[in-house]
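Got your viewer open? Here's a walk through the model, one selection at a time.

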Amino acid sequence: MNEPPPGARFLAWFRRHERALTAGYLAAAGLALAVLAFAPARVALLGRLERAARWWDDRWTRRLGRAEALVQAGRWDQAAAYLERLDRVFPAQNVRHGRDKERERLLELLGRSYEAQGRQGRAMEAYRRLAAFDSLNYRNHFVEAQGAARLLSTWAEAPEARDAFSRALERFPSHLPSVRGVVRYYLDRGEFIPVVQAYERYLDAFLIQRVTIQAGGQTAVVPVLIDGLPHTVRAVLPAPLDTAGPLAIATGGFPFRVEGLLARPAPRVGEAEPAEPRELDPGRWDLEQVAAESGGVFRPLAEAGLIRSRAPLPAGTVELGLTLRLYKPVDRDLWAGVVRSYRNLLEERGLAAAAARTAALPTAEEADQVIAWLVRPRDEPVAPDE
Amino acid sequence: MSSPAGTLERPRAAAVLSWPARLWRALRFRDAVALTAIPLVAAALLLGDAVWRYSRIHQFDDWWSRSQTLPGTLSARLRALLALPAATRLRQRFDPAARDPGIIRLLVPGNAWDSLQGDPLAHWGEWVDGTLDYGGTTVPVRLRKRGDNSIHWLTDKRTLTIRTPRDQFYKRFRTFGLSVKDVLPAYLANRLAREFGLLAPETEVVPVFLNNRYYGMFRFIEVPDESFLRPFLRMPGNIYRGDRAERGEAYKGVPRNLFENPYLWDRAAANDRWTSAGAGQVELLLRDLAGTTFEDHLRVMARLDREELGRLFAYLLVVGDPYHMDGVHNQLLYEDPSTQRLHPIPWDVRLLELDRPQHLLNDLFRAALRDPWVVDRVNRELAAALRDGAIVRVADSLARSAEGRYAPYFEYDRLRAGLVPDVGSADQAAAVVRHNAEWLRRRLDDARLAMATGSGPVTVLDLESRGWAGADLQAIVLEGGREVGTPAGRSAAAPRLRRDANLNGVLDDGDPVVPATYQERRLVLRDPFPLYAAWSTEQPGVAPGRVAYRFFLTGLGSARVVRVEAANRVTGAPAFVEPWEPGARLLPGSGWHPWQYPVRVPQVHRFAGTVHLAETLRIPAGDTVRIAPGTTFRLEPDVSLILGGLVLAEGTAERPIRFLPARRGRPWGTVALLGHGADHSRFRHVEFAEGGGALVDRIEYIGMVNVHRAADVTFEDAVFRDNVRSDDTFHALHARVLLRRCHFLRANSDAIDFDIADGEIRDTRIEGSGGDGIDLMSSTPRIVDTYIEGSGDKGISVGEASAPVIFNVIIDRCTTGIEVKDRSEPLILNTLVRGSGVGLKERSKNWRYGGGGWATVVNSRFEGNRRRLDLDPASRLTALAVQGLDSLTPPVDPPPAAVPWLYAQHGLRPARLQVGPVAAWDSVPARAPIERQRFEDDFLDISGGWVPGGGTTRLEKRRDALLMLAERTPGTAERAVRWDLAGPATAVLEVAGRDLRSARVVFVSDRGEIARAFDPGDDLGAFRFVTVALPAGRYSAVRLEATPRPGLSHVPSPSGLYVVRAGRLDLRTLEVVPGGEERLASRALPLDRSR
């Protein structure tokens, strides 16, 4: 006896159960429509869909993470191949995309992978694409400059590196590593005028630090220009000091000098008592994570480094007048090059003026760290709340 | 026992199934699938589309994309689906060709549009070609994506930037935005800025059609650039822009506060003169802003205008949004080169409820609001705006008229809410303004003072302003002790009030007496003493702050202060005075103390004899300078006099006052009157020689003598000669100046330069100028009885929308007699131009003004000029009784035209009617017309109230005229009027035509019709006057009738076929002036359009 074909068997089975299947199908369809129509169910369903969509979208982050792991493991060939594929399909083709920073990371990793493979042309191309991707981001130009310095320099630094350092400085004139790059480029060539010009531009570059003044448990934050010049700063405490207490000054890691201190008391209501500012001699300072340098310069060793006066501020003080000098960070090697340039140009007066505005730190790392404290990711663009 | 019915029914039920059962029995699986397919597929499609859209939105992470959810996306689609029938019905009613000047029709090639619309990330910064149609006008345009966050590019309606060619604007705009965000609320919020007299970009709501399909309601936004300044009569200058909020604009990794990082700013308009600080101005501002001392504050305020800040903050408070012009975006600052002051331009301001503070104000606003004078000014502006609900009424009217005008379009956009950004509603928008107004009104009532007194021979009286509004201290009430003193000043024992002006907390000699009278135990202040309020901006928003005022009372004896009487500085109501516990320490004030500001006692500076100046002398406003006859100033090279106060330099013919160089051949700088402190200054019998202009305090003075922002400054019998280096001999900027019987000799370039100035130049001789005799920019002076000879360039250059009256002037042997440019409209009467290279030249020079010149020349003579007339296609001319501009040989010598109404409008009455200069004339009071209509292409009525009829195919305001086209059959344009003429009057029309067989104007009155036929001519560049005597009566309409020339004029169409060209009539002016005049219809002579 012949077996019926599977199709016929299925058909027979289907005919036999068609009514039940129809009922089931209608129930499922009804349920599906009911889920969409019934708000709590719909919201729950859509919530899951939303999470699924996000999870799906986050695959790019996961894939970039895998690429990063390959790079960190030094598996350059695999990393380059993986990043190339990722580069082709990565959705952030434009800086307006939400994954713009991931795209920047991708291009940087790609450049590094090519560089490690010895594919210099492709590496430079990746760095150039990085700079073009968000040309307003100074870091991209800095990465390009560093790449050019490594890959294109011969007996002296490559002009491509200088140009990219200069572009970084156009966007962030206080970026010390880029200043160092420009200075090094010209020093290598024995061109001292541009060295001096670059350094003076750095000193003059507009940069503000919010200096924290503390006294008697009260805090005032005042902006101070960081240009190595003395600035008179008026700090008003939220309320007059109840009791005498020490004064603390923290500059967020920037080297500084205190050149004057005035304290003005708040008069009492209904009582005639003098409210004129008085000059104070804070005497010696206690240092907390701060090193004392020659010339009365204080060098914070951490962002939170501060100095605290041993002599207390008088009770009733409500306003302080400080003469402060904040220095842009410079490392001793860079400063030595700048000094040499001034001397070679016989610019002793210029050197004296620059020296008065400079407090050199022992190492480049320490100097760079100060700028890094200033521009931590907290300063990244955050869309304003509309 | 069963019922019979039961036994009957049972077999029937078994034999005949109920219909659901039959349906169920007949239902097959495929039927079920077919039945459910449509809803299931629709649901699946909706869901799929919503998920896809959500994923697309989720690619971005700005404020809008983050607020989008999948349920919201799906709901929007469902709602739109349900509203589809209603939306379709509505859409069928839309007519892209409706006669509305706001409707914008964009035509963009499909593939180009699809590429722009398709990928939100692609084609940024790329322009796409298209055309913009409005009314009967087509403008080639370019479009591109616009917007700083994804609301602008992710919905079905996209924000666009549109740019026209330089020689063909859309209305008066070359570049503008069409924004989708909060159309109606944003329109109201930004439109209200103009109600406060601020420099604010134009904004409107407009329906946009794309490729003849309705695209949506948009907010039209003018993009600020140099052209933006023109309607405000501001000199071109830098407009600094700080807009760094979002990706693509933000500088990553650097301090992002615009007021702490000058490198984030760029310029929307650039002043590239060498004297401009350029981008450096922002850094200077930021340096001062970073300062914390009072001196830093004074420098910041010197860069700003307190009065303008008062209006700005009042506006921002009324709309509830002092926040959005924040530290990362929406900053535009115009730098006025004449003062070096910065003027904030409101940009992208929202409509918010003010009692819900959002975040801290930006650093600039916070610094400005620490100034007590600014706070006081804001309160006064607010009081004026809120008085009788004025601003609420304006807001209500603006919102409702905008919504009412385009109600179906708004309704359509609301039906697809969620698919496109919310367009808002007038009710909601007006309610927000009403809410803010009410909140502010309550705030203005809040004038609170705290009071504490001490004891002892010198009684300390401490008052602290704690309210939103300040208070005026009026009296101090005492009690106890014996009756002390007599009225102040008569007895040493009288109580006296002194204020701690130097803020040192104790009474000393420097503390002045506050004038007061003592009567009946009340010390009544002679003038209310202002106790200004301070505002606190330490927390989000603006709140009442505190500022303490210390006074000292002497001579009280054993009496004591029981209370003070003070009034709210804004409302005049009694201020609330609360006790203040003595002994506590004074808290720091929220702003700068009003007594810290320097007070200057006005001084009189007298000069006589020989005065040698070795350095620049600055006289501040409030001072007076008196210069004796015979005084000679000898100025060292580049030394200037910058005079901010009243100057009285009145020499005599025998003993003139002279300004001369100390060293021959080395020019001094400038004599400059600066600011309204110098209003009404007088110079008589003065000689200025060999000065060279200057740059002082970063303000450029381009003349040897300058008047900047001063009014009614008079120079009589003055000689200006031999300036070197500087462009101008005399320069007036934002000023009103009278030059009478002056003599200009050998100007280095231009002798007299008026920029945005007016006044009069009379009985003046200008000889041998290197450049122009008189150079005008956006100026309206009257130039009369003046002789200009031998100018190296133009005798009179009338440029950049100037409208001078030139009467009885002789221009002799100049390179060009008169040049009229860039939508300037001079009236030239009884003037003679002779022996020059070109008699009259009209052209378009600066594209930003959007047109050429348009002179009205009457009873004037041009003779012996090598070229009579040079008129470019963008320019027009109205000529009447002019000899020497026609192309006939010899030139036609026309009879003089009797146009007393024209003279009377400008206060002139010639003694004799003649062509060319007159020997005598009288000055009479200017007579304003009863009615005057001119035409500007704007967003208001498309044809200025004129209604087309008959064969009129087009009737629109274009190029400063009403354009009327009549094709094949006679056409009309009619306007309803309400003129009740008590006596005879004259109607004056200024018209030109082309391809018309005939034309006439008809006035309809209660006594019948008065018709007047006229020859419209055949040259649209040549206008003529038509006058009609109107008897007394009540007039209800005026009608233009134009009959086209039958079928002779054909022009090629885009199809390659020739089509009939319509007859055209252009009306520039319709005026009704008092007094019946004789009929006048000037005959247009063929113009000599030689090139």
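Which residue in β2(A) is the bridge partner of Ile213(A)? Select the pair and you'll find Ala220(A) on the other side. One thing to keep in mind as you click: this is a predicted model.

**Stop 1: a hairpin in chain A**

Widen the selection to residues 208-215 and 218-225 of chain A, which are strands β1 and β2. They run antiparallel and are joined by 8 bridges. Now look at the turn: the hairpin has 2 residues between its strands, and Gly216(A) takes a positive phi near 50° there. If you show side chains along the strands, remember that in a regular strand they alternate between the two faces of the sheet.

**Stop 2: where chain A touches chain B**

Keep β2(A) highlighted, since it is one of the elements that supply at least two residues each to the side of chain A touching chain B. Others to colour include α1 (6-37), α2 (39-57) and α7 (138-151) of chain A. α1(A) gives the largest share of that side, 9 residues. Across the whole contact, 66 residues of chain A meet 67 residues of chain B. Colour the chain A side by residue class and you get 37 nonpolar, 9 polar and 20 charged.

**Stop 3: chain B as a whole**

Hide chain A for a moment and zoom out. The C-alpha trace of chain B spans about 140 × 100 × 65 Å along its principal axes. In cartoon view, chain B shows 17 helices and 72 strands. Of its 1091 residues, 49% are buried. If you draw a contact map and keep pairs at least 6 apart in sequence, 64% of those contacts in chain B join residues at least 24 apart.

**Stop 4: three strands in chain B**

Select residues 128-134 and 137-145 of chain B: these are β2(B) and β3(B), antiparallel, with 7 bridges between them. Thr131(B) has Pro140(B) as its bridge partner in β3(B). This is a hairpin with 2 residues between the strands, and Gly135(B) in the turn has a positive phi of about 55°. Next add residues 160-163, strand β4(B), which runs antiparallel to β3(B) and is joined to it by 4 bridges. Here Leu143(B) has Ile162(B) as its bridge partner.

**Stop 5: helix α8 of chain B**

Go to residues 183-195 of chain B. This helix, α8(B), has 13 residues and reaches 19 Å from its first C-alpha to its last, close to the 18 Å expected at 1.5 Å a residue. Is it enclosed or open to the outside? Of its 13 residues, 11 are buried, so α8(B) is largely enclosed by the rest of the structure. Among the buried ones are Tyr187(B), Asn190(B) and Arg191(B). To see what covers them, switch on β6 (203-210), β7 (213-222), α11, α14 (390-405) and α16 (426-444) of chain B, among others. Just past the helix, check Gly197(B), whose phi is positive, near 65°.

**Stop 6: into the cores**

Centre on Leu188(B). Beyond its neighbours within four places in sequence, Leu188(B) is in contact with Leu351(B), Ala395(B), Leu398(B), Ala399(B) and Ala429(B). Leu188(B) also belongs to the largest nonpolar core, 247 residues, where Val183(A), Leu184(B), Leu188(B) and Val318(B) touch the most other members. Helix α11 of chain B, residues 306-319, gives the largest share of this core, 9 residues. For a last selection, pick Phe754(B), Trp901(B), Ala973(B) and Leu1040(B), which are among the 129 residues of a second, separate core.

Definitions and conventions. Residues are numbered from 1 along each chain as its sequence is written. Chains are lettered from A and ligands numbered from 1 in the order in which they are written. This is a predicted model: local features need pLDDT of at least 70, side-chain atom pairs count only at pLDDT 80 or more; totals for chains, interfaces and linings use all residues. A residue is buried if 20 or more other C-beta atoms lie within 10 Å of its own, exposed if 12 or fewer, and partly exposed in between; C-beta atoms are placed from the backbone. Two residues are in contact if their C-beta atoms, placed from the backbone, lie within 7 Å. A nonpolar core is a set of buried Ala, Val, Leu, Ile, Met, Phe, Trp, Tyr and Cys residues joined through C-beta atoms within 7 Å. Two strands pair if DSSP finds at least two bridges between them. Ala, Val, Leu, Ile, Met, Phe, Trp, Tyr, Cys and Pro count as nonpolar, Asp, Glu, Lys and Arg as charged, and the others, Gly among them, as polar. The expected span of a helix is 1.5 Å times one less than its number of residues.
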